Amino acid sequence: FTSLAPEQITAYEGGLKTTFFNRRARLNISAFRYDFRDGIVNIDNPRAPVPIAINAANIKTLGVEVDAQLQVTKELGLSLSGGWLDSQIKSDIAAGGISLRGNRPVNAPRWTFSGQGTFRKTLASGWTPSASVDWNYRSDQFLETQNAPSNRESGYWLANGRSAIATPDDRIQIAAFVKNLTKTTYRTYVNDLPNFGWLLNIYGNPRTYGVSVAVKF
């Protein structure tokens with residue numbers, strides 16, 4: 001059992017929001033800086049089979065985010081976004097005798113991108129078919145604060161697709177979907193404990209298909 005100090009953050013953010021092409025397009029840009037004090041992180045303990053939480057004392061994060069939406073036609077809409085992130089532990093703390101100063105926190109990729117395309121059209125009969133595809137990218141990231149090679153996850157893409165049809169009164173919608181179209185293999189969690197002789201990896205879902213029915217009352 002441990003006792004932790006409250007996590008504190010000072011946040012600075014500035015940006016721009018604008019529309020053009022007769023409000024058919026929108027562009028948002030923001031830049032931010034987050035200064036964490038007593039930031040909480042999980043580290044491996046050579047004497048314990050599970051990570052323990054400690055105060056990292058100081059984590060500095062800088063970032064920029066950009067997102068854009070475009071209504072190409074009445075039926076077709078597109079959106080794109082991207083981000084850059086620089087996050088580092090700035091305090092002199094250690095795990096297993098190794099300093100964590102300068103390491104990146106968990107799940108903090110330097111680059112992220114995402115996009116979506118949606119087509120929706122109401123037919124003369126009143127029925128409304130639609131189709132959409134979305135994708136996202138995360139550059140390499142670490143799944144433990146020790147930033148060891150075993151817990152570095154290389155960058156990867158994920159893509160999903162969905163098609164649906166709605167009744168004229170929009171009360172019922174039937175949809176078919178597929179997630180992880182490209183069957184990307186990626187990890188979402190790592191617990192690396194060499195003293196115990198194991199490396200626990202938890203992976204994201206494989207390609208998944210499904211059908212859904214939604215009813216509004």
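## A strand-built chain and its residue R187

Buried residues, meaning those under 20% relative accessible area with a 1.4 Å probe and protein chains only, make up 30% of the 217 residues in the protein chain. This is a predicted model, in which local features need pLDDT of at least 70 and side-chain atom pairs count only at pLDDT 80 or more, while totals for chains, interfaces and linings use all residues. Residues are numbered from 1 along each chain as its sequence is written, and side-chain values use heavy atoms, with hydrogens and water left out.

The protein chain has 0 helices and 17 strands, where helices (H or I, at least four residues) and strands (E, at least two) are DSSP runs numbered from the N terminus. Along its principal axes, the C-alpha trace of the protein chain spans about 70 × 40 × 35 Å. Of the contacts (heavy atoms within 4.5 Å) with a separation of 6 or more, 56% are between residues 24 or more positions apart.

Within this chain, R187 lies in strand β15, which covers residues 187-193, and R187 counts as buried because its relative accessibility is 11%. Leaving aside residues up to four places away in sequence, R187 touches L143, S150, N151, R152, E153, N201, I202 and Y203. Two of these partners also appear in the table of side-chain polar contacts, each a pair of N or O atoms within 3.5 Å, one able to donate a hydrogen and the other to accept it, with residues adjacent in sequence counting only if both atoms are side-chain atoms.

| Side-chain pair | Polar contact |
|---|---|
| R187 and E153 | 2.6 Å |
| R187 and N201 | 2.9 Å |

Methods. Buried < 20%, exposed > 50% of the residue type's maximum accessible area, 1.4 Å probe, protein only.
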